[in-house]
Amino acid sequence: MASTMFSLAFATPSASFSLQHNLKSKLKLGTSSQRAFSGKDFVKAKSNGRTAMTVAVNVSQFEGITMAPPDPILGVSEAFKADTNELKLNLGVGAYRTEDLQPYVLNVVKKAENLMLERGENKEYLPIEGLSAFNKVTSELLFGADNPVLQQQRVATIQGLSGTGSLRIAAALIERYFPGSKVLISSPTWGNHKNIFNDARVPWSEYQYYDPRTVGLDFAGMIDDIKAAPEGSFILLHGCAHNPTGIDPTPEQWEKIADLIQEKNHIPFFDVAYQGFASGSLDQDASSVRLFAARGMELLVAQSYSKNLGLYGERIGAINVLCSSADAATRVKSQLKRLARPMYSNPPIHGARIVANVIGIPELFSEWKKEMEMMAGRIKSVRQKLYDSLSVKDKSGKDWSFILKQIGMFSFTGLSKAQSESITNKWHVYMTKDGRISLAGLSAAKCEYLADAIIDTYYNAS
């Protein structure tokens, strides 16, 4: 803290008060400096019958740091908690809830943790690349255990801090070894993508994705923008259950996207946050990644286990880089480790052991798949009921079928920013300002209430 001293001398207390008052009104100091003139920071001393007063003005070295804006997603939950209305709904954050709208810890996770306790495993540091058993099973889950790319050791995998941390490591790799290369991200995309590339100093631009007229995929616009991108660009793709729209390309469209990326010598960069959680099938949700890998393309894939195993707070994920040779993969892995070391040194062990046990033990793996089907099934059921409620209640004949065409835990309602704010203020429905709702936070019992809120807002709020 910087300190500035003013030494003042005067003969009488009244003169002291007058000068103090004048200083407060005339000196243009910061807020913290003005507080220093309240009287408590004055030090008095007598000399030759006169009173001397020294004033300490404290100015923070951090005075130039401004208040950051609230996070557009996490801030929704904060506002929801402050709301006392009994009808309130939190459809902002993408976290699975039971029909009673309570957090859910998977039974298979509890079993894996009990197994860890029985084994008496320690809490020693992991290597920089993470738990080897985790890295093995996570790459097998993604590409398929019998995939030639794994048998040929062409995949560099290190454990990351969930999807966000894995994306950040990949962004650092791009910045260091592909300087000036641009990343294309969908419009819209998950809110943190832009933050990640901005902080890594990686330039990015957007490709068209969402068509507000159809509340569907703007495939032609997407193709045009990928085609126009400089050769060798990184194309960020959502492997399944696009966030925030819930709109995925069809298998035929994925083929055409792969054709174009291969033709333009772009590098595919997948964000896979919902494998198994979108459709209920691990293999189906990884089909886009496996399609590109089967073509012999080099690519990057960030994985997360927050959603499909409910390990939100464990921060467990991975970054995978599929290379053209085992030698290239070895070198890439060494540099991924080099990038991770100054960021966080090494990743956490608890979540990695959970995943390694669940995927690596056949009985637990089978149980996990059943639980995923249950969770995905509940979301599909809620999606259907919301559509049914909207269709019955909306007498205008509007087609709400786009809700059924979307997949995963999110639905893009088509509500504008102003309408999203209105539905919160009037109906106490909390959602992100882009009109996205998390169906994982909706119960069947609340579907009719939400349908009333959406219909009223859609037609009556501008």
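Biologist: Is glutamine 153 buried, partly exposed or exposed?

Modeller: Bear in mind that this is a predicted model. Glutamine 153 sits in the loop between helix H6 (148-151) and strand S5 (155-161). Exposed means over 50% relative accessible area, and glutamine 153 has 60%, so the label is exposed.

Biologist: Okay, and what is phi near for glutamine 153?

Modeller: Most residues other than glycine have a negative phi. Glutamine 153 has a positive value despite being a residue other than glycine. Its phi is near 55°.

Biologist: Leucine 101 has a positive phi too. Is leucine 101 buried, partly exposed or exposed?

Modeller: Leucine 101 has phi near 60°, and its place is the loop between strand S4 (89-90) and helix H4 (107-119). Buried needs under 20% relative accessible area and exposed over 50%. Leucine 101 comes in at 24%, so it counts as partly exposed.

Biologist: Let's talk peptide bonds. Which residue does a cis peptide bond join to serine 187?

Modeller: Most peptide bonds are trans. Here omega is about 5°, and the bond is cis. The partner lies in the loop between S6 and H8. That residue is proline 188.

Biologist: What is omega near for the bond from asparagine 243 to proline 244?

Modeller: Proline 244 is in the loop between S10 and H10. The bond leading to proline 244 from asparagine 243 is cis. Its omega is near 25°.

Biologist: Zooming out, what percentage of the chain's residues count as buried?

Modeller: The chain has 18 helices and 16 strands. About 21,900 Å² of the chain is exposed, with carbon and sulfur atoms supplying 52% of that area. Of the 462 residues, the buried share is 50%.

Biologist: And what percentage of contacts with a separation of 6 or more comes from residues 24 or more positions apart?

Modeller: Contact here means heavy atoms within 4.5 Å. Counting the contacts in the chain with a separation of 6 or more, the share from residues 24 or more positions apart is 74%.

Biologist: Which residues of helix H9 are buried?

Modeller: Helix H9 covers residues 219-228. The cover over its buried residues includes strands S6 (183-187), S7 (204-208), S9 (216-217) and S10 (234-238), along with helix H10 (251-263). The buried residues are Phe219, Gly221, Met222, Ile223 and Ile226.

Biologist: Met222 also lines the largest cavity. What is the volume of that cavity?

Modeller: The structure has two cavities of 30 Å³ or more. Along with Met222, the largest one is lined by Tyr207, Tyr209, Leu237, His238, His242, Pro249 and Trp254. By class, that lining is six nonpolar, two polar and no charged residues. The volume is about 40 Å³.

Biologist: How many polar residues are in the lining of the second largest cavity?

Modeller: This cavity has a volume of about 30 Å³. Its lining is made up of Leu141, Val272, Gln275, Gln303, Ser304, Tyr305 and Asn308. No charged residues appear there, three are nonpolar, and the polar count is four.

Biologist: Now the largest pocket: which domains does it lie between?

Modeller: The largest pocket holds about 730 Å³ of space. Of its 31 lining residues, the closest to the centre are Leu74, Thr164, Trp190, Lys307 and Arg315. Helix H7 (162-177), helix H8 (191-199) and strand S11 (267-272) each give two or more residues to the lining. Both domains contribute to that lining, so the pocket lies between domain 1 (72-104 + 376-460) and domain 2 (125-360).

Biologist: How many charged residues line the largest pocket?

Modeller: Split by class, the lining has 13 nonpolar and 13 polar residues. The charged count is five.

Biologist: Is serine 438 buried or exposed?

Modeller: Serine 438 lies in strand S16 (residues 436-438). Leaving aside neighbours within four places in sequence, its contacts are Leu91, Gly92, Val93, Gly94, Ala95, Met409 and Phe410. With a relative accessible area of 0%, serine 438 is buried.

Biologist: Last one: which residues does lysine 398 touch, not counting residues up to four places away in sequence?

Modeller: Lysine 398 is in the loop between helix H15 (362-393) and helix H16 (402-405). Its relative accessible area is 26%, so lysine 398 is partly exposed. Beyond residues up to four places away in sequence, lysine 398 touches Tyr458 and Tyr459.

Notes: Residues numbered from 1 in each chain as written. Predicted model: local features only at pLDDT ≥ 70, side-chain atom pairs only at ≥ 80, totals over all residues. Heavy atoms only, no water. Buried < 20%, exposed > 50% of the residue type's maximum accessible area, 1.4 Å probe, protein only. Helix = DSSP H or I, 4+ residues; strand = E, 2+ residues; numbered from the N terminus. 1 Å grid on protein atoms, 1.4 Å probe; cavity = no way out; pocket = protein on both sides within 12 Å on 5 of 7 lines; lining within 4 Å. Points joined across faces, edges and corners; volume = space filled by probe spheres on them. Nonpolar A, V, L, I, M, F, W, Y, C, P; charged D, E, K, R; others polar. Domains from an automatic or database assignment. Areas by Shrake-Rupley, 256 points an atom, 1.4 Å probe, with all protein chains shown as cover.
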